[in-house]
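The following exercises concern the structure shown below. Each one sets a task and is followed by a solution in steps.

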Amino acid sequence: MRYIEKAYYRLFYFFFQIEKRKDGEGKGSDVYCAFMALLPLIYFGFIDLAFIEYLFSRFICNLHVSQFKVVYILFLVLVSAVFNGVLFFHKKRYLKIKEMFSEEDDNTRSIRSFYCILYSLFTMFGTIILIEIFGRPT
């Protein structure tokens, strides 16, 4: 479990660094960059939760939860936002994560950034492809 936690922190740091570079080094505050880094994580969390619900409905038992589209979407976004907000802003954990990964060498940073990009692409497109392959729940 510790490995998954560290990988998720690294994904946060990946988006955090994108925000830092976008604003120029030292221009964007850490709080602002941490908040902006949360937005893609909330989006990916929404997709991941929806995909888990799809897998459950498709292969185990269809609960017909997704028929309440607006409530379903708002619920998943809210769960993802609260989870990520608490995870990264409680006791300013985003500063600890920044410190944890700031000393990476260039080779390690490149490899880990590649994995972050791969995860992002799979989350955005791979789930759609898998849903098309396996079909919709009946």
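**Exercise 1: a pair within one helix**

Arg-2 is exposed, as its relative accessible area is 62% (buried means under 20% relative accessible area, exposed over 50%, partly exposed in between, with a 1.4 Å probe and protein chains only). The model is predicted: local features need pLDDT of at least 70, side-chain atom pairs count only at pLDDT 80 or more, and totals for chains, interfaces and linings use all residues. Residues are numbered from 1 along each chain as its sequence is written, and side-chain values use heavy atoms, with hydrogens and water left out.

Task: determine which interaction joins the side chains of Arg-2 and Glu-5.

Solution.
- Step 1. Glu-5 has a relative accessible area of 28% and is therefore partly exposed.
- Step 2. Arg-2 and Glu-5 are both part of helix α1, 3 residues apart, which is about one turn of the helix. Helices (H or I, at least four residues) and strands (E, at least two) are DSSP runs, numbered from the N terminus.
- Step 3. A salt bridge joins the two side chains, with an N to O distance of 2.9 Å. The criterion is a side-chain nitrogen of Lys or Arg within 4 Å of a carboxyl oxygen of Asp or Glu.
- Step 4. Side chains of opposite charge can pair when their charged atoms come close.

**Exercise 2: a pair between helices**

Task: establish whether Asp-30 and Lys-20 are buried or exposed, and describe their salt bridge.

Solution.
- Step 1. The closest N and O atoms of Asp-30 and Lys-20 are 2.7 Å apart, and the two residues form a salt bridge.
- Step 2. This pair links distant parts of the chain, with Asp-30 in helix α2 and Lys-20 in helix α1, 10 residues apart.
- Step 3. Both Asp-30 and Lys-20 are buried.
- Step 4. Lys-20 can also be located relative to Met-36, since their C-alpha atoms are separated by 9.9 Å at 16 residues apart along the chain. Met-36 lies in helix α2 and is partly exposed because its relative accessibility is 21%.

**Exercise 3: the network around Arg-10**

Task: identify which residues are linked with Arg-10 in a network of salt bridges.

Solution.
- Step 1. Arg-10 belongs to helix α1, residues 2-23. With 5% relative accessibility, Arg-10 counts as buried.
- Step 2. Leaving aside neighbours within four places in sequence, Arg-10 is in contact (heavy atoms within 4.5 Å) with Phe-101, Glu-104, Arg-109, Arg-112, Ser-113 and Cys-116.
- Step 3. Arg-109 and Glu-104 meet through their side chains in a salt bridge of 3.7 Å, N to O. Arg-109 is partly exposed because its relative accessibility is 25%, whereas Glu-104, with a relative accessible area of 12%, is buried.
- Step 4. The network of salt bridges links Arg-10, Glu-104, Arg-109 and Arg-112. A search of the whole structure gives 6 salt bridges.

**Exercise 4: the nonpolar patch**

Task: determine which helix supplies the largest share of the nonpolar patch.

Solution.
- Step 1. The patch covers about 1100 Å² of surface and is made by Leu-55, Phe-56, Phe-59, Ile-60, Leu-63, Ile-117, Leu-121, Phe-125, Ile-129, Ile-133 and Phe-134. Patches are made of residues with over 30% relative accessible area and no salt bridge; like charges are joined within 9 Å, and nonpolar side chains (Val, Leu, Ile, Met, Phe, Trp, Tyr) within 5 Å.
- Step 2. Helices α2 (30-59) and α5 (106-134) each contribute at least two residues to the patch. The largest share, 6 residues, comes from α5.
- Step 3. Ile-117 is located in helix α5 and counts as partly exposed because its relative accessibility is 40%.
- Step 4. Leu-63 is in the loop between α2 and α3 (69-89). Apart from its neighbours within four places in sequence, Leu-63 is in contact with Phe-56 and Ser-57.

**Exercise 5: the chain as a whole**

Task: state how many helices and strands the chain has, and summarise its overall contacts and surface.

Solution.
- Step 1. The chain has 5 helices and 0 strands.
- Step 2. The C-alpha trace spans about 50 × 30 × 30 Å along its principal axes.
- Step 3. Among contacts with a separation of 6 or more, 76% are accounted for by residues 24 or more positions apart.
- Step 4. Of the 138 residues, 31% count as buried. The accessible surface comes to about 9300 Å², and 70% of it belongs to carbon and sulfur atoms; accessible areas come from the Shrake-Rupley method with a 1.4 Å probe, and for residues only the protein chains shown count as cover.
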